[in-house]
Amino acid sequence: MERIRGGWVNVPEHLKCKTDLKEMGLKPTGEAKAEVWNSHIWVKLYDINETAPRKPATEKQLAAIEKARAAQLAARTCSRCGEIIPKKESLFQGMCNYCRESLFIKETSENALELFRSWVHDKSKYLILDTETTGLDYDSEIVDIAVIDLDENILLESLVKPVCPIPEVATIIHGITNKMVENAPSWPEIWPQIKQILSAGKIILIYNDSFDIGMIRSNCERHNLPFTAFESICVMQTYAEYVGNYSRYRRDFTWISLADAAYEEDIRLIGIGSHRAKSDCIACSRLIHRIVAERGVEVESVKNTS
Ligand SMILES: [Zn+2]
């Protein structure tokens, strides 16, 4: 069979494909005369002089066609927004990509709010911890540590004298100078007290828990002190999920600094200072309470857990 190259423009007027014939109310009676490349398949072409009129479809046939079309359309219609998705895409759990993602963000945010509520609801189960350090590396040292409860009672607040001097860049952030820590206890001196608090069975809420836990661990390692793991929840991650600022690129929620979160939630921090361990603990506690207070009554699922 002749293969026509160069696409439809090179097809002579008297040759038609089945779809064209159908539109003209015709069907082929003879063999295909040629083929044309239609971007992904070879399409058979028939001579228009070897055709016969198509019989009109019966009611039953029309109904079957209509049914098949509707089913095909339904399979591409998002159950949430009603949009028909392109043929290349597919629905997941009946939803388009956009709806699936926005539902995921909405559900994650609701779960985060539930988590905030559960902390306030069962205040006695939780403590808040924060540290200030000489830097952000593994080798950095803790120079300030505080633990409070959700009523802002202070369980521990102490400066810590590091082995190495505090670099100026760190002092600019938290305001802690080498002079201030001169007479402070060293990490080995204060660790038993911290360890006792952390091992009392409470869940420790920390704004960026992986950083603070990493710091506590490395400070223990530096002084050959055995580090015991404790249960913690990252308030920064929970807040990011609550806000719902989802990055499609990173496939995670965008973190927000404690200072930005406090500003965002309109939390008054006047009189408690800033970027010190205790003040950051208080800011964290107020952030939690503010979110729960703003979002009204607790939902049933939280009440039932008590
Ligand atoms: Zn949709």
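Which residue follows α7, and what is the sign of its phi? Helix α7 is followed by Gly244, and the phi of Gly244 is positive, near 75°. The structure is a predicted model, and α7 is one of several elements that can be used to find a way through it.

The domain assignment divides the protein chain into domain 1 (2-53), domain 2 (61-95) and domain 3 (107-305). Between the C-alpha centres of domain 1 and domain 3 the distance is 73 Å.

At the start of the chain, four strands make up an open sheet with mixed pairing, in the order β1-β4-β5-β2. The edges of this sheet are β1 (2-4) and β2 (15-16); each has a single partner strand, so one side of each lacks a neighbour in the sheet. The partner of β1 is strand β4 (residues 34-37), and the two pair in the parallel sense over three bridges. Within this part of the sheet, Ile4 stands opposite Val36 in β4. Cys17 is buried because its relative accessible area is 7%, which falls under the 20% cut-off.

The zinc ion comes next. Its protein donors are the SG atoms of Cys78, Cys81, Cys96 and Cys99, lying 2.3 Å from the ion. Along the sequence these donor residues follow the spacing C-x2-C-x14-C-x2-C. The arrangement is tetrahedral because the angles that the four donor atoms subtend around the zinc ion are 104 to 119°, and four donors count as tetrahedral if all angles lie between 85 and 135 degrees. Of the donor residues, Cys96 and Cys99 are both buried. Cys99 counts as buried because its relative accessibility is 2%, where the limit is under 20%. The structure holds zero disulfides.

Further along the chain is strand β7 (residues 126-133). Eight of its eight residues are buried, so β7 is largely enclosed by the rest of the structure. In a regular strand the side chains alternate between the two faces of the sheet. Both faces of β7 are covered: Tyr126, Ile128, Asp130 and Glu132 are buried on one side, and Leu127, Leu129, Thr131 and Thr133 are buried on the other. Strand β7 pairs with β10 in the parallel sense over four bridges, and Leu129 has Ile206 in β10 as its bridge partner. With strand β8 (residues 142-149), β7 pairs in the antiparallel sense over seven bridges. There the bridge partner of Thr131 is Ile145 in β8.

Strand β10 also leads back to the helix of the opening question. Helix α7 (residues 235-243) is mostly covered, with seven of its nine residues buried. The buried residues are Val235, Met236, Gln237, Thr238, Tyr239, Ala240 and Tyr242. They pack against β10 (203-206), β11 (232-234) and β13 (252-253), and also against the helices α3 (97-121), α8 (258-264) and α9 (277-294).

Two of those helices, α8 and α9, are joined by a loop in which Ile267 is found. Ile267 is buried because its relative accessible area is 11%, again under the 20% limit. Leaving aside residues up to four places away in sequence, Ile267 touches Ala262, Arg286, Leu287 and Arg290. Between Ile267 and Ile288 the separation is 21 residues in sequence and 10 Å in space, C-alpha to C-alpha.

Note on methods:
Residues numbered from 1 in each chain as written. Predicted model: local features only at pLDDT ≥ 70, side-chain atom pairs only at ≥ 80, totals over all residues. Heavy atoms only, no water. Domains from an automatic or database assignment. Donors = N, O, S within 2.8 Å, 3.2 Å for Na, K, Ca; no water. Tetrahedral: all angles 85-135°; square planar, octahedral: opposite > 155°, others 65-115°. Buried < 20%, exposed > 50% of the residue type's maximum accessible area, 1.4 Å probe, protein only. Pairing = 2+ DSSP bridges. Contact = heavy atoms within 4.5 Å. Disulfide = S-S within 2.5 Å.
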